[in-house]
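Me: I've got a model open and I'd like to learn how to read it feature by feature. Can you walk me through it?

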Amino acid sequence: MRVLVACECSGRVRDAFTRRGHDAWSCDLLPSNEPGQHIQGDALDILNDGWDLMVAHPPCRFLSRAGARHTYRGGVLNETRVTSGIRARAFFDRMLHAPIPRVAVENPTPMRLFALPEHTQAIEPYQFGHPYSKRTLLWLRGLPELKPTNVLESHEPYLRSNTGEGRRAGQQSSPGVVQTASEASVTFEGIAEAMAEQWGGPA
Ligand SMILES: C[S@@+](CC[C@H](N)C(=O)[O-])C[C@H]1O[C@@H](n2cnc3c(N)ncnc32)[C@H](O)[C@@H]1O
């Protein structure tokens with residue numbers, strides 16, 4: 001199959017499909033961090049290039065519920081962030097409705113403000129062999145839900161949360177395992193393997 005992994009510079013999902021004999025390409029504005037078939041550029045420009053399947057990881061910075069405190073700082077909507085969120089939502093829609101028969105779009109829980117369509121399923125790294133929680137949503141078209149491959153009972157939050165005012169106010173907080181946004185956005189190996197194994201079918 002010809003597989004496009006849009007908005008990926010880690011090569012994780014691309015390489016999982018490649019290992020199974022597929023003609024898999026990643027595409028990102030940034031170069032690939034790992035050697036492999038990669039198109040450096042705008043994924044929107046190549047959606048019509050005859051792909052059989054696409055896995056897309058569109059940017060979530062302005063859509064994610066985790067960023068809501070910046071969007072509503074002091075109870076007031078930040079116009080610049082709202083405009084960026086509206087643009088991010090339009091990009092997300094282009095991915096989900098791309099002219100490709102099988103599509104999976106991955107993102108964290110979004111803010112209600114941007115009214116994303118209902119997701120198909122929620123997955124966690126601890127369902128795929130990693131001892132972490134990081135709720136991730138999948139919007140699927142033409143693909144079955146991803147089945148957990150190795151569920152771990154014990155896990156800790158992958159992302160830092162509520163370490164400032166919330167913590168001081170006695171709310172639940174977590175120091176997280178990763179500290180930077182780019183580390184946090186890399187797809188887990190176990191999830192990449194499950195995608196290629198369960199969605200790849202015969203090469
Ligand atoms: C949330 S990260 C996803 C990272 C991915 N999970 C990985 O393992 O590499 C979003 C990525 O989208 C890329 N991006 C943003 N706009 C893009 C566009 N128009 N075309 C292609 N990639 C884009 C960014 O450079 C960034 O690497």
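Me: Let's start with Arg2: what does its relative accessibility tell me?

Reply: This is a predicted model, and relative accessibility sorts its residues into classes: under 20% is buried, over 50% is exposed, and partly exposed lies in between. Arg2 comes out at 27%, so it counts as partly exposed.

Me: Which residue forms a salt bridge with Arg2?

Reply: The general idea is that side chains of opposite charge can pair when their charged atoms come close. Here the partner of Arg2 is Asp23, with 3.7 Å between the closest N and O atoms. Arg2 sits in strand S1 (residues 2-6) and Asp23 in strand S2 (residues 23-28), so the salt bridge ties together parts that are 21 residues apart in sequence. Asp23 is partly exposed too, at 31%.

Me: How many salt bridges does the model have?

Reply: The count is 7. Another one pairs the side chains of Arg12 and Glu189, at 3.3 Å from N to O. Arg12 belongs to helix H1 (residues 12-19) and Glu189 to helix H6 (residues 189-200), so this pair links parts 177 residues apart in sequence. Arg12 is partly exposed at 28%, and Glu189 is partly exposed at 35%.

Me: What does Glu197 pair with, and how far apart are the N and O?

Reply: Glu197 meets Arg20 in a salt bridge at 2.8 Å, N to O. Glu197 is in helix H6 while Arg20 is in the loop between H1 and S2, so here as well the parts tied together are 177 residues apart in sequence. Is that pair out in the open or covered? Glu197 counts as exposed, with 52% relative accessibility, whereas Arg20 is partly exposed at 28%. Check for shared partners, too: salt bridges that share them join Arg19, Arg20, Glu193 and Glu197 into one network.

Me: On to the ligand. How many residues surround it, and which are the closest?

Reply: There are 16 residues around the ligand, and the closest are Ser10, Asp28, Asp42, Ala43 and Ser185. Sort that shell by class and you get 8 nonpolar, 5 polar and 3 charged residues.

Me: Which polar atoms should I look at there?

Reply: Start with Asp28: one of its polar side-chain atoms is 2.6 Å from a ligand oxygen. Then go to Thr187, where a polar side-chain atom lies 3.1 Å from a ligand nitrogen. With Leu29, look at the backbone instead, as an N or O atom there is 3.4 Å from a nitrogen of the ligand. For cover, the ligand taken alone exposes 600 Å², and the protein buries 85% of that.

Me: And on the protein surface, which residues form a nonpolar patch?

Reply: Tyr72, Leu77 and Leu113 do, with about 250 Å² of accessible area together. Take Leu77, which lies in the loop between helix H2 (68-71) and helix H3 (79-96). Leu77 counts as partly exposed, at 41% relative accessibility.

Me: Last one: is Thr109 buried or exposed?

Reply: Buried means under 20%, and Thr109 has 17% relative accessibility, so it counts as buried. Thr109 is in the loop between strand S5 (102-107) and strand S6 (121-123). Its side chain also makes a polar contact of 2.8 Å with the side chain of Arg135.

How values were computed. Residues numbered from 1 in each chain as written. Predicted model: local features only at pLDDT ≥ 70, side-chain atom pairs only at ≥ 80, totals over all residues. Heavy atoms only, no water. Near = heavy atom within 4 Å. Polar contact = N/O pair within 3.5 Å; in protein donor to acceptor, adjacent residues only side chain to side chain. Areas by Shrake-Rupley, 256 points an atom, 1.4 Å probe, with all protein chains shown as cover. Nonpolar A, V, L, I, M, F, W, Y, C, P; charged D, E, K, R; others polar. Salt bridge = Lys/Arg side-chain N within 4 Å of Asp/Glu carboxyl O. Helix = DSSP H or I, 4+ residues; strand = E, 2+ residues; numbered from the N terminus. Buried < 20%, exposed > 50% of the residue type's maximum accessible area, 1.4 Å probe, protein only. Patch = residues over 30% accessible without salt bridge, like charges linked within 9 Å, V, L, I, M, F, W, Y side chains within 5 Å.
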